[in-house]
Amino acid sequence: MIETIKSILLLILVGLSLLLTYQLWYGQVPAQVLEQDIYERIVVEQPRELERVVEPKKIALHNEEELYVYKKSTPDFGEMWGLLSIALQQISLDALIDEDDLPLDSRHLLSYYMQPKLPVGEDQPWLNEVLYSEIEKVDLYTVNDSFRLVLSGSNNKFSLLLPPRKAEQFATLLDNIQADKKLASAFLTEELLADHGFSQLSIVEPLYVPVETVFMSEYNIRPETLDQDLILKTFFVDYSMARVIEEKEGGLIYTDGERGLRLTDTGLEYSSPRLEEGQTTSAYSEALVTSSSLISYHGGWPDSLRLKSLELSGWGDTTHYSAEWQAYLDGYPILISQSIRALFNDNGLIHYARSFFEVENPIIPENGLTSAASWNEALEKALSKYQEGFPDRASSIILKDIYLGYAITTSQSGYTGKPVWVITINNEQFILSAFELEPLREEDLL
């Protein structure tokens with residue numbers, strides 16, 4: 001009798017073992033599939049279509065003898081880009097012009113500097129009848145009574161004649177833009193640099209500087225408020241199973257052994273190192289759409305942000321795309337050590353960092369806005385600092401960038417958006433307060 005009972009129990013255990021093994025192998029949804037399913041349902045905001053992912057870094061308006069530069073969050077920027085984007089989506093192959101050179105009586109109206117590059121051609125929203133190309137610059141000219149677009153890429157250049165209706169829309173837009181209310185700029189050339197005593201400097205890409213006095217103000221700002229519970233769900237299948245580590249500074253680290261998420265008062269940082277070993281087979285335009293999905297899923301895409309760059313890195317079996325976003329305030333870029341950046345490949349999201357600030361109110365002194373130092377004064381100070389630090393590099397000096405912006409600094413009362421001049425000489429960046437031209441201390445920058 002006892003032997004019979006033992007045999008029955010043994011059969012039951014063997015049966016349970018087989019059942020559990022079957023469930024383990026075939027009866028459970030893989031974690032990756034489950035995770036993807038949850039990501040599809042937990043979305044902070046819907047991803048943008050490709051037509052809304054790419055915007056120009058800047059737009060230059062050529063108004064007779066003066067130049068006006070428009071950037072993200074400045075008036076007219078959205079309308080100027082929107083009109084061109086729609087025109088490139090609707091124009092047909094019949095508009096192509098065989099002429100390589102513009103007539104002598106043509107007049108330059110607008111320049112669109114595309115960064116990241118604009119994909120055009122087959123399967124793209126823009127110019128889908130032409131061969132695939134990536135455009136770096138679009139120029140608008142008027143020739144007699146017609147309007148002509150010139151699109152330039154790294155290896156090609158072609159022209160399009162705008163249909164009468166589109167030409168009329170551009171003419172109306174240009175008539176409505178109140179250029180007299182904007183700050184005039186100058187196209188910075190080596191000749192202009194030499195006229196201001198900087199004959200030792202050379203330039204490798206187009207730069208614009210304001211030629212009028214710029215008035216700016218500091219801003220009280222605060223970090224964006226994110227739904228912590230929602231953010232955690234976009235990264236973890238079940239974050240309640242993750243280990244939580246509390247930092248001395250108040251930050252929280254969530255980890256499940258394979259990935260980690262660090263949440264602080266000023267943003268977040270996510271990492272999944274196991275995904276680094278993988279290839280990237282997505283085309284450039286597909287990667288643009290993926291970047292939109294990533295930022296939309298994990299925190300959303302604020303209106304003052306634009307995609308700054310999208311680059312393919314790595315080699316062999318280990319490659320990834322790197323996407324970076326830039327925030328703007330009053331048309332000036334915001335400087336921060338860790339803004340919004342995503343690394344991804346075919347395996348998924350490898351790394352994601354997010355730190356975004358919102359304006360509370362401007363700090364306006366009793367006597368009004370303060371005038372920023374001129375571009376040549378700022379350049380003189382930066383060049384002096386460069387020569388002090390690198391006296392052996394005086395033979396070849398390249399001015400790579402110069403612009404006004406806002407640097408996020410810390411103070412006893414919180415965070416401040418401080419007007420600054422940002423100047424890059426060779427590979428050295430100098431951040432000077434826009435008013436006193438004093439270098440900002442690294443410990444003061446966020």
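**Strand 20 pairing and charged side chains**

Strand 18 (residues 318-329) pairs with strand 20 in the antiparallel sense over 5 bridges. The model is predicted. Strand 20 spans residues 340-345, and 5 of its 6 residues are buried. Across the whole structure, 14 salt bridges are found, and E64, E65, E66 and E212 gather in a patch of negative charge on the surface.

**Strand 20 and its partners**

- In the pairing of strand 20 with strand 18, 5 bridges are formed; S322 stands opposite L343 of strand 20.
- Strand 20 is also joined to strand 21 (residues 348-354) by 6 bridges, and these two strands run antiparallel.
- R341 has A353, in strand 21, as its bridge partner.
- The connection from strand 20 to strand 21 is a hairpin through 2 residues.
- Strand 20 is mostly covered. In a regular strand, side chains alternate between the two faces of the sheet.

**Salt bridge between K72 and E55**

- The side chains of K72 and E55 meet in a salt bridge, with an N to O distance of 3.1 Å.
- K72 lies in the loop between strand 2 and helix 3 (77-90), and E55 in the loop between helix 2 (31-41) and strand 1 (56-63), so the pair ties together parts that are 17 residues apart in sequence.
- K72 is buried because its relative accessible area, 10%, falls under the 20% cut-off.
- E55 is likewise buried, with a relative accessible area of 12%.

**Salt bridge between R222 and E360**

- A salt bridge joins the side chains of R222 and E360 (3.7 Å, N to O).
- R222 belongs to strand 12 (residues 218-223) and E360 to strand 22 (residues 357-363), so this pair ties together parts that are 138 residues apart in sequence.
- R222 is partly exposed at a relative accessible area of 34%, and E360 is partly exposed at 47%.

**Salt bridge between R259 and D256, and a network**

- R259 forms a salt bridge with D256, and their closest N and O atoms are 3.2 Å apart.
- R259 counts as buried, at 9% relative accessibility, whereas D256 counts as partly exposed, at 38%.
- R222, E358 and E360 are joined into one network by salt bridges that share partners.

**Negative patch**

- The surface patch of negative charge consists of E64, E65, E66 and E212.
- Among these residues, E66 has its place in strand 2 (residues 66-70).
- E66 counts as partly exposed because its relative accessibility of 40% lies between the cut-offs of 20% and 50%.

Note on methods. Residues are numbered from 1 along each chain as its sequence is written. This is a predicted model: local features need pLDDT of at least 70, side-chain atom pairs count only at pLDDT 80 or more; totals for chains, interfaces and linings use all residues. Side-chain values use heavy atoms; hydrogens and water are left out. Buried means under 20% relative accessible area, exposed over 50%, partly exposed in between (1.4 Å probe, protein chains only). Helices (H or I, at least four residues) and strands (E, at least two) are DSSP runs, numbered from the N terminus. Two strands pair if DSSP finds at least two bridges between them. Patches are made of residues with over 30% relative accessible area and no salt bridge: like charges are joined within 9 Å, nonpolar side chains (Val, Leu, Ile, Met, Phe, Trp, Tyr) within 5 Å. Accessible areas come from the Shrake-Rupley method with a 1.4 Å probe; for residues, only the protein chains shown count as cover. A salt bridge is a side-chain nitrogen of Lys or Arg within 4 Å of a carboxyl oxygen of Asp or Glu. Lys and Arg count as positive and Asp and Glu as negative; His and the chain ends are not counted. The place of a charge is taken as NZ of Lys, CZ of Arg, CG of Asp or CD of Glu.
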